[in-house]
Amino acid sequence: MSSTSRTLSSTPSTALHSTFSCAWCGRTASAAAADDGTQRHHCPSCLQFRHVPDLADGGSGDCRGRMSPIAVAVSRTGGWMVIHRCVRCDGLTSSPTRADDNQLILMRLAVRPLAQPPFPLEAFGDL
């Protein structure tokens, strides 16, 4: 497999100027984030990636399942993080959003709790 057509999970951290082909949507993207040049953790088009071991945390992500975006979280400093869940082992992880991430998918994740609340919103009318 050449360094210009790797899946995101097999892109080494030294190849930040190479590209990868997403295993799910098939789009080709830069392995480095456009906004700050650090290594990208997810596909900018579909926001998915393969679950791989996190050697820094000694993690157990060796199942190589698909990490699907399930939510966004906003830090106190205002930065957005994409929360992912592995479809095989239900492991959770987060990665910072990037300037070239798909804005439609990010907004869908952000408004989902308001569009599908766990209780009727009419309850607020009585307060």
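**Chatting through a seven-element chain**

Trainee: Hi! What share of the 127 residues in the chain is buried?
Mentor: Buried residues make up 31% of the 127. Keep in mind that this is a predicted model.

Trainee: Noted. And how much accessible surface does the chain have?
Mentor: About 8000 Å², and carbon and sulfur atoms account for 54% of that surface.

Trainee: What secondary structure elements are there, and in which order?
Mentor: There are six strands and one helix. Starting at the N terminus, the order is β-β-β-β-β-β-α.

Trainee: Which strands make up the open sheet?
Mentor: Four of them do, in the order β3-β4-β5-β6, with antiparallel pairing. The edges are β3, residues 49–50, and β6, and each of these pairs on one side only.

Trainee: What holds strands of a sheet together, in general?
Mentor: Backbone hydrogen bonds do, and the pairing can be parallel or antiparallel.

Trainee: OK, back to this one. How many bridges join β4 and β5?
Mentor: Seven bridges, with β4 covering residues 66–74 and the two strands pairing in the antiparallel sense. If you want to check the register on screen, serine 68 is opposite arginine 85 in β5, and proline 69 is opposite histidine 84.

Trainee: What does the connection between those two strands look like?
Mentor: β4 and β5 form a hairpin with five residues between the strands, and glycine 78 there has a positive phi near 100°.

Trainee: And on to β6: how many bridges join it to β5?
Mentor: Five bridges connect β5, residues 80–86, to β6, residues 92–96, and the two run antiparallel. Methionine 81 faces proline 96 across the pair, while valine 82 stands opposite serine 95.

Trainee: Which residue in the turn of the β5 and β6 hairpin has a positive phi?
Mentor: Aspartate 90, at about 65°; five residues lie between β5 and β6 in that hairpin.

Trainee: Let's switch to the helix. Where does α1 lie?
Mentor: α1 lies across β4 and β5, and the angle to β4 is about 65°. The helix spans residues 103–115, and phenylalanine 119 sits in the segment after it.

Trainee: Why does phenylalanine 119 count as partly exposed?
Mentor: Because its relative accessibility is 42%, and partly exposed is the band between under 20% for buried and over 50% for exposed.

Trainee: Which residues make the nonpolar surface patch?
Mentor: Phe119, Leu121 and Phe124 make it, and the patch is about 310 Å².

Trainee: Now the other end of the chain. Where is serine 21?
Mentor: Serine 21 is in strand β1, residues 19–21. Serine 21 has a relative accessibility of 25%, so it too counts as partly exposed.

Trainee: How far apart in space are serine 21 and cysteine 43?
Mentor: The C-alpha to C-alpha distance is 8.6 Å, and the two are 22 residues apart in sequence.

Trainee: Last one: what share of the contacts with a separation of 6 or more comes from residues 24 or more positions apart?
Mentor: Residues that far apart in the chain account for 34% of those contacts.

How values were computed:
Residues numbered from 1 in each chain as written. Predicted model: local features only at pLDDT ≥ 70, side-chain atom pairs only at ≥ 80, totals over all residues. Heavy atoms only, no water. Pairing = 2+ DSSP bridges. Helix = DSSP H or I, 4+ residues; strand = E, 2+ residues; numbered from the N terminus. Buried < 20%, exposed > 50% of the residue type's maximum accessible area, 1.4 Å probe, protein only. Contact = heavy atoms within 4.5 Å. Areas by Shrake-Rupley, 256 points an atom, 1.4 Å probe, with all protein chains shown as cover. Patch = residues over 30% accessible without salt bridge, like charges linked within 9 Å, V, L, I, M, F, W, Y side chains within 5 Å. Salt bridge = Lys/Arg side-chain N within 4 Å of Asp/Glu carboxyl O. Axes fitted to C-alpha atoms, helices over the stretch in contact; angles between N-to-C directions.
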